[in-house]
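Student: Got a minute to go through a structure with me? I'd like to talk about helix packing, aromatic pairs and a couple of single residues.

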Amino acid sequence: MIRDPEAFGHFIDQLRAFVRKELVPHEAEVAARDEVPPEIVQRMRGQGLFGYSIPAAYGGAGMTTEELILAALELSQCAVAFRARVGTNTGIGAEALVADGTPAQKDKYLPMLASGAWTSAFALTEPEAGSDACALRTRALRDADHYLISGSKCFITNAPIAQLFTVLARTDPAHPGAGGISAFLVERDTPGLVVGKPYQKMGQAGSPVAPLYFDNCRVPAANLIGGQEGRGFKTAMKVLNKQRIHLAALCIGPAMRMLQEAVQHTAGRRQFGQPVGSFQLVQAMVADCQTEIHAARALVLETARQRDLGQDVAMQASMCKYFASEMCARVADRCVQMLGGYGFIADNPVERFYRDVRLFRLYEGTSQIHQLNIARRTYAQAGHEFRA
């Protein structure tokens, strides 16, 4: 669903130019510094990159799912760190608030997130609760007009730089399942919240990730998302279903960029007196990459359009994330192979992407969790229910 095709086409042209002229030239600098420089972040704010999926009433672009996907395809054709810098505001860090926040919560926080003045983060994963999200142990106990949150979270993207966290915690200890989980908005300077030391990672340099620790962190009851206990898991699933479609698009952009780099390299490098790209086994890898990229793009766009029409796309969102993340890994491997020894040299864009995209198959649900989800939903459609 593209609301104004002409205006949106102009926007995409501007975004494509911004990525190529303002972001791609700074990829090596971001990797070396392990941060996106503040001056570039400011230019990203000026482009409105932080507010894509936040409603226009709060200063965002209010993009439909299809529009968000098409924008993601462009933005993700540069180093992953740039996309990750805005990604929590355009995705999981703000979506819970957009989906289920009270009017007062939205008025207070969404304008700051849309402008990029504040960065958000989504705190669900714990050491014993990742794929099994219902197993989370972080507790939130009511204390008059506040909640006291205690526990820990891990692998939280943008935690070192975020000012606002969406935190999932158990408000009903007697309810071990999803119904006992609530979602809270926790500001960074809230007493009892400590952001841990950033992790040293395999890839995605410039995208900071850290654990969170809560020790009787005193959060106003007004910051309970939606104002009701026990709705946090349902809110999280709303967030994750949309984010899985979004993330699938963010897997396609790097695959497109890696293929472009590989084609340029193999067209110019010569072996046995001819371009490497003229060899049929190299062409076969190019064909496989191109075909899988187009298949992923078609699947994701179809699912985005279905979501915009109000259809239930829970299974399709899983298929998008599963297929696109696995596709991106296959493309990365082929492109390193096509570059030969050059593909193994640091600071080569393909080498960097090879490490960066490995995470895609893990977060927002591992590939194996999505396989189970897809299979169970397929059986359910056929009238067969299996226990989770």
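Tutor: Sure, let's take those topics one by one. Keep in mind that this is a predicted model.

Student: Helices first, then. At what angle do H6 and H7 cross?

Tutor: Roughly 150°, and their axes come within 10 Å. H6 covers residues 92-100 and H7 covers residues 103-115.

Student: What does that make them, parallel or antiparallel?

Tutor: Roughly antiparallel, because angles over 145 degrees count that way. As for handedness, H6 passes H7 in a left-handed crossing.

Student: Which residues make the contact?

Tutor: From H6 you have Ala94, Leu97 and Val98, and from H7 there are Gln105, Lys106, Tyr109, Leu110 and Leu113. By class, that contact of H6 with H7 splits into 6 nonpolar, 1 polar and 1 charged.

Student: And on the other side, how do H5 and H6 pack?

Tutor: H5, residues 80-90, packs with H6 at an angle of about 15°, and the axes are 4 Å apart. That makes H5 roughly parallel to H6.

Student: Which residues of H5 and H6 meet there?

Tutor: Gly87, Thr88, Asn89 and Thr90 in H5 meet Ile92, Gly93, Ala94 and Glu95 in H6. The classes for the contact of H5 with H6 are 2 nonpolar, 5 polar and 1 charged. Ala94 turns up here, and it is also listed in the contact of H6 with H7.

Student: OK, switching to rings. How many aromatic pairs are there?

Tutor: The count comes to 8 aromatic pairs. One of them is Phe155 with Tyr199, whose ring centres are 5.5 Å apart with the planes at 45°, so the pair is tilted.

Student: Where do Phe155 and Tyr199 lie?

Tutor: Phe155 lies in strand S3 (residues 146-157), while Tyr199 lies in the loop between strand S6 (193-195) and strand S7 (209-220). The pair therefore ties together parts that are 44 residues apart in sequence.

Student: Is Phe155 buried or exposed?

Tutor: Exposed, at 55% relative accessibility. Its partner Tyr199 is partly exposed, with a relative accessible area of 28%.

Student: What about Phe272 and Phe279, what kind of pair do they form?

Tutor: An edge-to-face one, at 6.3 Å centre to centre and 80° between the planes. Phe272 is exposed, with a relative accessible area of 75%, whereas Phe279 counts as partly exposed at 24%.

Student: Which residues form an aromatic cluster with Phe8?

Tutor: Phe11 and Tyr52 join Phe8 in one aromatic cluster.

Student: Now the single residues. Where is Cys251, and is it buried or exposed?

Tutor: Cys251 is in helix H8, residues 232-268. Cys251 counts as buried, because its relative accessibility is 0%.

Student: What's Cys251 in contact with?

Tutor: If you leave aside neighbours within four places in sequence, Cys251 is in contact with Ala324, Ser325, Met327, Cys328 and Phe360.

Student: And how far is Cys251 from Ile54?

Tutor: C-alpha to C-alpha, Cys251 and Ile54 are 22 Å apart in space, and they are 197 residues apart in sequence.

Student: Last one, Thr64. Where does Thr64 lie?

Tutor: In the loop between helix H3 (38-46) and helix H4 (65-75). At 10% relative accessibility, Thr64 counts as buried.

Student: Which residues does Thr64 contact?

Tutor: Met1, Arg3 and Asp308, again leaving aside neighbours within four places in sequence.

Definitions and conventions: Residues numbered from 1 in each chain as written. Predicted model: local features only at pLDDT ≥ 70, side-chain atom pairs only at ≥ 80, totals over all residues. Heavy atoms only, no water. Axes fitted to C-alpha atoms, helices over the stretch in contact; angles between N-to-C directions. Helix = DSSP H or I, 4+ residues; strand = E, 2+ residues; numbered from the N terminus. Parallel < 35°, antiparallel > 145°, perpendicular 65-115°, else oblique. Left-handed = near helix turned anticlockwise from the far one by under 90°. Contact = heavy atoms within 4.5 Å. Nonpolar A, V, L, I, M, F, W, Y, C, P; charged D, E, K, R; others polar. Phe/Tyr/Trp six-rings, centres within 6.5 Å; stacked < 30°, edge-to-face > 60°. Buried < 20%, exposed > 50% of the residue type's maximum accessible area, 1.4 Å probe, protein only.
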